[in-house]
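Open your viewer, turn on a cartoon view and keep the selection box handy. We will walk through this chain one stop at a time.

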Amino acid sequence: MCCAIRHSLLLTRKGLRMYVAVRDNNVDQALRVLKKKMQREGMFREMKNRRAYEKPSERKAREMAESTRRVRKLMRKRLEREGY
């Protein structure tokens, strides 16, 4: 009878917990899954932004630019999909 050891990787961020199951001691696959989840959540971008202090005025300008980009992208998709 073979006993497969099961582990889980846990990452905590602002009360958000990410679990990744390690199956058959395949840690490489679990790390890939964790990295993909972190990418999807935007954690890498946030870590990059927090490396250095960002002035409140710069933060506001960056957030406005991100918002504008997001809205334009949605409008392009809507135009492509619906034609207006």
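The tour below goes from the whole chain to its details.

**Stop 1: the whole chain**

Start with everything selected. You are looking at a predicted model, and its chain holds three helices and two strands. Follow the cartoon along the sequence and the elements come in the pattern β-β-α-α-α.

Now switch on the surface. The chain exposes about 8000 Å², and carbon and sulfur atoms supply 53% of that area. How much of the chain is buried? Buried residues make up 11% of the 84 residues. For contacts with a separation of 6 or more, 19% are between residues 24 or more positions apart.

**Stop 2: colour by confidence**

Colour the chain by pLDDT. The average is 84, and 81% of the residues score at least 70. Which element has the lowest mean pLDDT, and which the highest? Strand β1, residues 7-13, has the lowest mean at 55, while α3 has the highest at 95.

Next, select residues 1-6. Here pLDDT stays under 50, and the model has five contacts beyond four places in sequence for this stretch. Where pLDDT is low, the predicted coordinates should not be read in detail. With that in mind, let us move on.

**Stop 3: the nonpolar core**

Select Met18, Val20, Val22, Ala30, Leu34, Met38 and Met43, and show their side chains. These seven residues make up the largest nonpolar core. Two elements, β2 (16-22) and α1 (27-41), each give two or more residues to this core. In soluble globular proteins, nonpolar side chains tend to be buried together.

**Stop 4: the loop between β2 and α1**

Stay in this part of the chain and select Asp24, which sits in the loop between β2 and α1. Its phi is near 55 degrees, a positive value in a residue other than glycine. Most residues other than glycine have a negative phi. Is Asp24 buried or exposed? Asp24 counts as exposed because its relative accessibility is 65%, and the cut-off for exposed is over 50%.

Add Asn25 to the selection. Asn25 lies in the loop between β2 and α1, and its phi is also near 55 degrees, again positive in a residue other than glycine. Its relative accessibility is 47%, so Asn25 counts as partly exposed.

**Stop 5: along helix α3**

Select residues 56-82, which form helix α3. Try a distance between the C-alpha atoms at its two ends: they are 38 Å apart. At 1.5 Å a residue, the 27 residues of α3 should span 39 Å, so the distance in the model agrees with what is expected.

**Stop 6: salt bridges**

How many salt bridges does a search of the whole structure find? The search finds four, and we will visit three of them here. Side chains of opposite charge can pair when their charged atoms come close.

Begin with Arg59 and Glu63. They form a salt bridge, with the closest N and O atoms 3.1 Å apart. The two residues are four apart in α3, so about one helical turn separates them. An α-helix has 3.6 residues a turn, so residues three or four places apart point the same way. Arg59 is partly exposed, with a relative accessible area of 46%, and Glu63 is partly exposed too, at 37%.

Now select Glu54 and Arg62. Their salt bridge brings the closest N and O atoms to 2.8 Å. Glu54 counts as partly exposed at 23% relative accessibility, and Arg62 is partly exposed at 24%.

Keep Arg62 on screen and add Glu66. The side chains of Arg62 and Glu66 meet in a salt bridge of 3.2 Å, N to O. Both lie in α3, four residues apart, which is about one turn of the helix. Glu66 is partly exposed, at 25% relative accessibility. Through shared partners, salt bridges join Glu54, Arg62 and Glu66 into one network.

**Stop 7: the end of the chain**

Finish by selecting Gly83, just after α3, which takes a positive phi of about 85 degrees. Then select Tyr84, in the segment after α3. Which residues does Tyr84 touch, not counting those up to four places away in sequence? Tyr84 touches Arg78 and Leu79. With a relative accessible area of 58%, Tyr84 is exposed.

How values were computed
Residues are numbered from 1 along each chain as its sequence is written. This is a predicted model: local features need pLDDT of at least 70, side-chain atom pairs count only at pLDDT 80 or more; totals for chains, interfaces and linings use all residues. Side-chain values use heavy atoms; hydrogens and water are left out. Buried means under 20% relative accessible area, exposed over 50%, partly exposed in between (1.4 Å probe, protein chains only). A nonpolar core is a set of buried Ala, Val, Leu, Ile, Met, Phe, Trp, Tyr and Cys residues joined through side-chain atoms within 4.5 Å. pLDDT is the predictor's confidence in each residue, from 0 to 100. Contact means heavy atoms within 4.5 Å. Accessible areas come from the Shrake-Rupley method with a 1.4 Å probe; for residues, only the protein chains shown count as cover. The expected span of a helix is 1.5 Å times one less than its number of residues.
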